[in-house]
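Work through the exercises below with the model open. Try each task before you read its solution.

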Amino acid sequence: MKRVAVVILNYNGAEMLRTFLPGVVECSPEAEVVVADNASTDDSVEVVQRLFPTVRLIRLEQNWGFADGYNKALEQVDAEYSILLNSDVEVTKGWIAPMLAALDADSNVVACQPKILDYKRKTHFEYAGAAGGFIDRYGYPYCRGRIFDTLEEDKGQYDTVCDISWATGAALMIRTAEYRAAGGLDGRFFAHMEEIDLCWRLRARGSRILCVPQSTVYHVGGATLSKSNPKKTYLNFRNNLLMLYKNLPQEELRSVMRMRCLLDYVAAFKFLFTGGFGDFKAVMRARRDYRRMRDSYAAVRKENLAKTVVQGRCCRSPFPILWRYHFGGKKNYSEL
């Protein structure tokens, strides 16, 4: 059995598999390559079976979404390390070795990610992960190389291995046993923010997460939902609120959630006044559904706090990134 499994979750992505799976197979000789199919209705299964006979196919009985899809798939993976890899990622020769070395070197490092560059503009970082993710005090994510919609050119400025708050789900390498012990991804999220939530739990329980930029991949991004899709807006806002409720220290919960309420309404009306009526409705629905779902997460919150060993803002920056970006003019991570 190989120590590493590269697990690609697929839903109606036959063309992505034709385009990117050959490179994954060629550049990952030390790994078992697995495609977990989320009950696709296109010819994805046939493509894997016919064109990629060395790839293991896991057929899930329904579309479980990104989060539970990976949970179901990793139940059937026995490798020491699993790499959750999006189907729209172009990998490079030797991409696994630097991450594997980082995990082998320190048992306290539980997960890592490579440097993520834009497949369509390979000189620049890609939105989903860039050179490692962080969140601010109010839960807003940003990255080395990407703050909100500002994507930096990669000039080697973030080529050092770095402890990060979260590793992108587009290319997340993790100890399989630790993934399971932490409860995996939150299936109720369906998609978006689930990897940040998982990484928060891991960090709060004393583990380290790294970006290892000596490994590089290229991500298309937006292959499932475009950035302006109201469904994506809804999932991002709802799941971000649930993540905060699940993980915030008790002494910060009320003040942070009050500020987020204000900021969410500002965002909603900005969408409304700039023609984004669908996104406006998505934010309002996200806040409604957060309130509806919150009580069902009370036991989860209690468990997370009980297992927390790193006190304070172990996973969050002390400053509000919105202020520094919009009013302080800090558009690049190195300026923060």
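**Exercise 1. A nonpolar surface patch**

Task: Find which residues make the nonpolar surface patch of about 260 Å².

Solution: This is a predicted model. The patch is made by Met 259, Leu 262 and Val 266. Now place Met 259: it lies in helix H8, residues 250-273. Then check its cover. Met 259 has a relative accessible area of 30%. Partly exposed means between the buried limit of 20% and the exposed limit of 50%. Met 259 is therefore partly exposed.

**Exercise 2. Strand E1 and its neighbors**

Task: Describe the cover of strand E1, then identify the strands joined to E1 by bridges.

Solution: Start with burial. Strand E1 spans residues 4-10, and 7 of its 7 residues are buried. Next, sort the side chains by direction. In a regular strand, side chains alternate between the two faces of the sheet. Val 4, Val 6, Ile 8 and Asn 10 point one way from E1. Ala 5, Val 7 and Leu 9 point the other way.

Now take the pairing. Strand E4, residues 81-85, runs parallel to E1 and is joined to it by 5 bridges. Ile 8 stands opposite Leu 85 in E4. Strand E2, residues 31-37, is also parallel to E1, with 7 bridges between them. Leu 9 has Ala 36 of E2 as its bridge partner.

Last, trace the connection. E1, helix H1 (residues 14-27) and E2 make a right-handed β-α-β unit.

**Exercise 3. Salt bridges across the chain**

Task: The whole structure holds 19 salt bridges. Locate the partners of Asp 197 and Glu 252, and state whether each pair is buried or exposed.

Solution: Asp 197 pairs with Lys 246, with the closest N and O atoms 2.8 Å apart. Asp 197 lies in helix H6 (residues 194-204) and Lys 246 in helix H7 (residues 230-247), so the pair ties together parts 49 residues apart in sequence. Both residues, Asp 197 and Lys 246, are buried.

Glu 252 meets Arg 316 in a salt bridge at 2.6 Å, N to O. Glu 252 is in helix H8, while Arg 316 is in the loop between helix H10 (298-306) and helix H11 (321-326), 64 residues apart. Glu 252 and Arg 316 are buried.

**Exercise 4. A salt bridge within one helix**

Task: Compare the cover of Asp 289 and Arg 292.

Solution: Their side chains form a salt bridge at 3.7 Å, N to O. Asp 289 and Arg 292 both lie in helix H9 (residues 277-294), 3 residues apart, about one turn of the helix. Asp 289 has 5% relative accessibility, so it counts as buried. Arg 292 has 59%, so it counts as exposed.

Key:
Residues numbered from 1 in each chain as written. Predicted model: local features only at pLDDT ≥ 70, side-chain atom pairs only at ≥ 80, totals over all residues. Heavy atoms only, no water. Buried < 20%, exposed > 50% of the residue type's maximum accessible area, 1.4 Å probe, protein only. Helix = DSSP H or I, 4+ residues; strand = E, 2+ residues; numbered from the N terminus. Pairing = 2+ DSSP bridges. Right-handed = clockwise from strand over helix to strand, strands pointing away. Patch = residues over 30% accessible without salt bridge, like charges linked within 9 Å, V, L, I, M, F, W, Y side chains within 5 Å. Areas by Shrake-Rupley, 256 points an atom, 1.4 Å probe, with all protein chains shown as cover. Salt bridge = Lys/Arg side-chain N within 4 Å of Asp/Glu carboxyl O.
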